[in-house]
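Trainee: I have a model open and would like to learn how to read it. Could you walk me through a few features?

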Amino acid sequence: MTHRLNEKVAIITGAADGIGQAIAELFCQEGAFVCVADINETLGMQVVESLIAKGGKAIFHKTDVSDIDSVNNMVKATVESLGEPNILINNAGIIYQNDSPLNTTQAQWDKSFNVNLDGMWHCCKAVLPYMENAGKGSIVNIGSVVGSAGNAGQANYAAAKAGVIGFSKSMAREVASRGITINVVAPGFIDTDMTKALSDDQKEAIFKDIPANRLGEPDEIAATVAFLVSDGAAYITGETI
Ligand code: NAI
């Protein structure tokens, strides 16, 4: 195994479960020092214990990405324990499944944007000064295919995930001259807690549009994210995969 991320300091939000956990595991295998930043302390601590047991270097920091003070504290703790961040993966996300945007409550709408979009902005704002100082850094924002394709019942989520793409393309132009790349990985349907609620009928309907005819695995998303933060992807920015 090559260690493409040797001693790079990586912050991964929402890494206590699902896709974020898979990214944390792969990054540790690739030699990165990882901060698992998640609102779920129980699962987050378990993930970090398992990463350390396998020889990785990792910390957990209880973080609510929708709260800028919480994010600033997390970045400060990362700098103190692991070093200045070279990599940021904005993966924390939530979804409200409603039969119509009219049935979405104001609280759900606000929370969807606060976590899925503001959270990403808070984290970028907190880590970019370190990356600018270093003249180097990689950010991957996790979007979703529904951000460009739309999906019935998910207007709150699709709107926020569409915002992820516009934000990332703009930021990519702003920070490219300082050696920083920002890309989006926009998965289709991946086998995590987020898709557990899908019925067999819903899955069957979805599979018709998926060439592989199955749900994706978190590891398969992690592999793409790891490539985008590796030196081999230094000339790729503002893209969505
Ligand atoms: P998941 O529900 O398994 O994990 C999400 C993680 O985010 C959890 O550990 C949760 O505690 C954490 N989180 C939630 N709110 C938070 C907050 N305010 N602050 C910090 N952490 C918070 O979900 P999954 O499937 O792993 O999703 C990861 C990302 O991938 C999300 O951004 C999601 O929108 C995106 N995605 C997932 C797809 C899927 O089919 N599972 C498809 C497309 C995109």
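Trainee: Which residues come nearest to the ligand?

Mentor: Keep in mind that this is a predicted model. A residue belongs to the surroundings of a molecule if one of its heavy atoms lies within 4 Å of it. Here there are 29 residues around the ligand, and Asp 38, Tyr 157, Gly 188, Ile 190 and Thr 192 come nearest.

Trainee: Which helices supply at least two residues of the shell around the ligand?

Mentor: Helix H1 (18-29), helix H6 (155-175) and helix H7 (193-196) each do. H7 gives the most, with three residues.

Trainee: Where are the polar atoms that lie close to an oxygen atom of the ligand?

Mentor: For this, look for pairs of N or O atoms within 3.5 Å. A polar side-chain atom of Thr 192 lies 2.5 Å from a ligand oxygen. Backbone atoms take part too: a polar one of Ile 19 is 2.8 Å from an oxygen of the ligand, and one of Asn 91 is 2.7 Å from a ligand oxygen. Taken alone, the ligand exposes 830 Å², and the protein buries 92% of that. The space that the ligand takes is the largest pocket.

Trainee: Now for a single residue: is Thr 78 buried or exposed?

Mentor: Buried means under 20% relative accessible area. Thr 78 has 0% relative accessibility, so Thr 78 counts as buried. You will find Thr 78 in helix H3 (residues 68-81).

Trainee: What does the side chain of Thr 78 reach?

Mentor: The backbone oxygen of Met 74, at 2.8 Å. Leaving aside residues up to four places away in sequence, Thr 78 also touches Val 9, Ile 11, Cys 35, Ile 59 and Gly 83.

Key: Residues numbered from 1 in each chain as written. Predicted model: local features only at pLDDT ≥ 70, side-chain atom pairs only at ≥ 80, totals over all residues. Heavy atoms only, no water. Helix = DSSP H or I, 4+ residues; strand = E, 2+ residues; numbered from the N terminus. Buried < 20%, exposed > 50% of the residue type's maximum accessible area, 1.4 Å probe, protein only. Polar contact = N/O pair within 3.5 Å; in protein donor to acceptor, adjacent residues only side chain to side chain. Contact = heavy atoms within 4.5 Å. Areas by Shrake-Rupley, 256 points an atom, 1.4 Å probe, with all protein chains shown as cover. 1 Å grid on protein atoms, 1.4 Å probe; cavity = no way out; pocket = protein on both sides within 12 Å on 5 of 7 lines; lining within 4 Å. Sits in = over half its atoms within 2 Å of the grid points.
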